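Please look at the sequence and the structure shown here before reading on. The paragraphs after them walk through a few parts in turn.

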Amino acid sequence: MKIATFNINGIKARFEALTDWLQNSAPDVALLQEIKSVDENFPREHFEDLGYIVETHGQKSFNGVAIMSKLPLEDVTRGLPGDDADEQARWIEATVMGEKPVRVCGLYLPNGNPVPGPKYDYKLAWMKRLKTRAEALLAAEEPALMAGDYNIIPQDEDAARPDAWRTDALARPESRAAYREILNLGFTEAFRARHQGAGHYSFWDYQRGAYDRNDGIRIDHHLLTPQAADLLTDCWIEADVRGREKPSDHTPVWIELDA
DNA sequence: ATGACAATCAGAGATTGA
């Protein structure tokens with residue numbers, strides 16, 4: 001089972017690029033972020049015609065997450081538990097019915113800038129809720145993962161210019177600590193389980209030719225429960241997607257599971 | 001110190017992103 005996470009930065013703007021990518025790279029499951037669309041306006045039928053089941057959790061203009069799957073989905077739920085007043089669409093879950101069922105959670109973690117401020121407070125509060133959901137996933141002792149745009153640069157080696165991000169919400173010590181708290185519950189971060197060293201990024205700014213200079217950051221991650229980590233056979237970043245026509249500023253990050 | 005780039009909604013330019 002091949003699963004990719006991809007922040008598409010707008011379904012309307014990425015319609016062609018996403019279609020080409022699905023047809024050529026053919027993920028079994030795609031976890032998408034920033035669809036920037038309400039559910040009613042999402043071109044669901046088009047992607048169903050490509051062979052995918054489409055589940056969305058959208059809102060107007062901003063945020064929004066989706067799951068596309070070639071395999072059957074069960075028990076789809078929307079929204080991160082823990083705050084009924086939170087109206088931002090950043091979380092969707094489903095169980096993928098492969099040879100072995102896998103619970104997948106697609107997430108779009110808040111950016112949090114500027115620091116300090118209400119947006120940063122929201123980011124840290126959201127991460128507390130994420131930790132609570134993460135603990136429940138671990139307690140189930142089943143193959144499960146949380147993947148998406150974490151808006152977290154875990155370590156300095158995950159940025160081409162770490163000093164430029166020192167005070168940013170993506171790399172602030174409090175942000176990194178909250179991320180580590182979740183990891184240290186017992187999750188495996190798939191990319192670092194398979195690859196070491198600097199120079200591996202999943203986002204490059206549109207400005208100043210950042211992609212051509214590989215001036216990027218690694219902020220899109222797969223966190224696996226032990227039962228999912230036991231099934232992990234590969235993880236890679238499909239960087240060249242960022243260099244194509246009318247790209248998103250993110251590129252897909254993949255895992256392969258023996259499931 | 002600022003803007004550079006892109007997307008959205010709206011129908012200009014503010015807001016958001018990272």
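What follows is a guided reading of a predicted model, from the DNA contact surface to the core and the loops.

Begin with the surface around DNA strand B. There are 23 residues around this strand, and those that come nearest are Gly10, Lys12, Asn111, Tyr206 and Gln207. Sorted by class, the surface near DNA strand B holds eight charged, eight polar and seven nonpolar residues.

Turn next to a pair of helices. Two packed helices are described by the angle between their axes and the distance between the axes. Helix H3 covers residues 118-140 and helix H4 covers residues 173-183; their axes lie 9 Å apart and make an angle of about 10°. Angles under 35 degrees count as roughly parallel, and therefore H3 and H4 are roughly parallel to each other. On the H3 side, the contact is made by Leu124, Met127, Leu130, Lys131 and Ala134. On the H4 side, Glu174, Ala178, Glu181 and Ile182 take part. By class, the residues of this contact are six nonpolar and three charged, with no polar ones.

The interior comes next. In soluble globular proteins, nonpolar side chains tend to be buried together. The largest nonpolar core in this model has 71 residues. Ile3, Leu32, Val65, Val102, Val104, Leu145 and Leu257 are those with the most contacts inside this core. Leucine 32 can serve as an example. Setting aside neighbours within four places in sequence, leucine 32 is in contact with Phe6, Ile8, Val65, Ala66 and Met68. Val65, one of these partners, is also among the core residues with the most contacts.

Three loop positions can now be compared with the core. Glutamate 99 sits in the loop between strand S6 (91-97) and strand S7 (101-108). Is glutamate 99 buried or exposed? Glutamate 99 has 11 other C-beta atoms within 10 Å, and a residue with 12 or fewer counts as exposed, so glutamate 99 is exposed. Its C-alpha atom is separated by 5.3 Å from that of alanine 259, although the two residues are 160 residues apart along the chain.

Aspartate 212 belongs to the loop between strand S10 (203-204) and strand S11 (216-217). Aspartate 212 is exposed because it has 9 other C-beta atoms within 10 Å. From aspartate 212 to proline 116 is 96 residues in sequence and 32 Å in space, C-alpha to C-alpha.

Proline 154 is placed in the loop between strand S8 (144-149) and H4. This residue counts as buried because it has 21 C-beta neighbours inside 10 Å, and the cut-off for buried is 20 or more. Apart from neighbours within four places in sequence, proline 154 is in contact with Arg176 and Tyr179. Between proline 154 and leucine 124 there are 15 Å, C-alpha to C-alpha, and the two are 30 residues apart in sequence. Leucine 124 was named above as part of the contact of H3 with H4.

Last come some details of the backbone. Most residues other than glycine have a negative phi, and most peptide bonds are trans. Which peptide bond leading to proline 114 is cis? The bond from asparagine 113 to proline 114 is cis, with omega near 0°. Proline 114 lies in the loop between S7 and H3. Another cis peptide bond joins valine 115 and proline 116, with omega of about -10°, and proline 116 is likewise found in the loop between S7 and H3.

Positive phi values appear at two asparagines. Asparagine 9, in the loop between strand S1 (2-7) and helix H1 (15-25), has phi near 55°. It counts as partly exposed because it has 18 C-beta neighbours inside 10 Å. Asparagine 63, in the loop between strand S3 (53-57) and strand S4 (65-69), also has phi near 55°. Asparagine 63 is buried, with 20 other C-beta atoms within 10 Å.

Notes
Residues numbered from 1 in each chain as written. Chains lettered and ligands numbered in written order. Predicted model: local features only at pLDDT ≥ 70, side-chain atom pairs only at ≥ 80, totals over all residues. Near = placed C-beta within 6 Å. Nonpolar A, V, L, I, M, F, W, Y, C, P; charged D, E, K, R; others polar. Axes fitted to C-alpha atoms, helices over the stretch in contact; angles between N-to-C directions. Helix = DSSP H or I, 4+ residues; strand = E, 2+ residues; numbered from the N terminus. Parallel < 35°, antiparallel > 145°, perpendicular 65-115°, else oblique. Contact = placed C-beta atoms within 7 Å. Core = buried A, V, L, I, M, F, W, Y, C linked by C-beta atoms within 7 Å.
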